[in-house]
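Open the model in your viewer and follow along, one selection at a time. Each stop below tells you what to pick and what you will find there.

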Amino acid sequence: MINVIEKSPLEKAYLTLYEVAEMLGLKYHHARKILLNDDTIGFYDYYGKRVWAKTDILAFRDRHYKKPESKV
């Protein structure tokens, strides 16, 4: 279940897994399980080091955002 993107990452900002976990507010191991099992988010493989595109992570975070219910 490897989903490697074939584009050049030079035009995008990219994050390491530690930065992604911090941005999503998750622990490292939980963020790793989510990112590696999600087919909509690809990663770049730099000789064994994986980095994720910041735009993909922000889109993932927006997809899972739930608005609070108003108490009217």
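Start by selecting residues 54-63, which make up helix α3. This helix lies across β1 and β3, and its direction is at about 60 degrees to β3. Keep in mind as you look around that this is a predicted model.

**The whole chain**

Now zoom out. Three helices and three strands make up the chain, and reading along the sequence gives the pattern β-α-α-β-β-α. Of the 72 residues, 29% count as buried. If you show contacts with a separation of 6 or more, 60% of them join residues 24 or more positions apart. A surface view covers about 5800 Å² of exposed area, with carbon and sulfur atoms supplying 54% of it.

**The sheet**

Next, select the three strands. They form an open sheet in the order β1-β3-β2, with antiparallel pairing. Which strands stand at the edges? They are β1 (14-15) and β2 (43-46); each has a single partner strand, so one side of each is left without a neighbour in the sheet.

Pick β1 together with β3 (residues 49-53): this antiparallel pair is joined over two bridges. Here you can click on Leu-15 and find Trp-52 of β3 opposite.

Then move to β2 and β3, where the antiparallel pairing runs over four bridges. Select Asp-45, whose bridge partner in β3 is Arg-50. Go on to Tyr-46, which stands opposite Lys-49 in β3. While you are among these strands, a general point may help in choosing a view: in a regular strand the side chains alternate between the two faces of the sheet.

The hairpin of β2 and β3 has two residues between the strands. Stop at Tyr-47 there and check its backbone: this residue takes a positive phi near 50 degrees.

**A patch of tyrosines**

Keep Tyr-47 selected, and add Tyr-14 and Tyr-46. What do these three form on the surface? Together they make a nonpolar patch with about 430 Å² of accessible area. Tyr-14 comes from strand β1, and counts as partly exposed at 42% relative accessibility.

**The salt bridge**

Now select Asp-38 and Arg-63. The count of salt bridges in this model comes to one, and this is the pair that forms it, with the closest N and O atoms 3.6 Å apart. Asp-38 sits in the loop between α2 (28-37) and β2, while Arg-63 belongs to helix α3, so the pair ties together parts that are 25 residues apart in sequence.

Is each partner buried or exposed? Asp-38 has a relative accessible area of 15%, so this residue counts as buried, the cut-off being under 20%. Arg-63, at 46%, is partly exposed.

**A last stop in helix α2**

Finish by selecting Ile-34, which lies in helix α2. Its relative accessibility is 24%, so Ile-34 counts as partly exposed. Show its surroundings and leave out residues up to four places away in sequence: Ile-34 then touches Leu-26 and Phe-60. Phe-60 falls within the 54-63 stretch of helix α3, which brings you back to the helix where the tour began.

Terms used:
Residues numbered from 1 in each chain as written. Predicted model: local features only at pLDDT ≥ 70, side-chain atom pairs only at ≥ 80, totals over all residues. Heavy atoms only, no water. Pairing = 2+ DSSP bridges. Contact = heavy atoms within 4.5 Å. Axes fitted to C-alpha atoms, helices over the stretch in contact; angles between N-to-C directions. Patch = residues over 30% accessible without salt bridge, like charges linked within 9 Å, V, L, I, M, F, W, Y side chains within 5 Å. Areas by Shrake-Rupley, 256 points an atom, 1.4 Å probe, with all protein chains shown as cover. Salt bridge = Lys/Arg side-chain N within 4 Å of Asp/Glu carboxyl O. Buried < 20%, exposed > 50% of the residue type's maximum accessible area, 1.4 Å probe, protein only.
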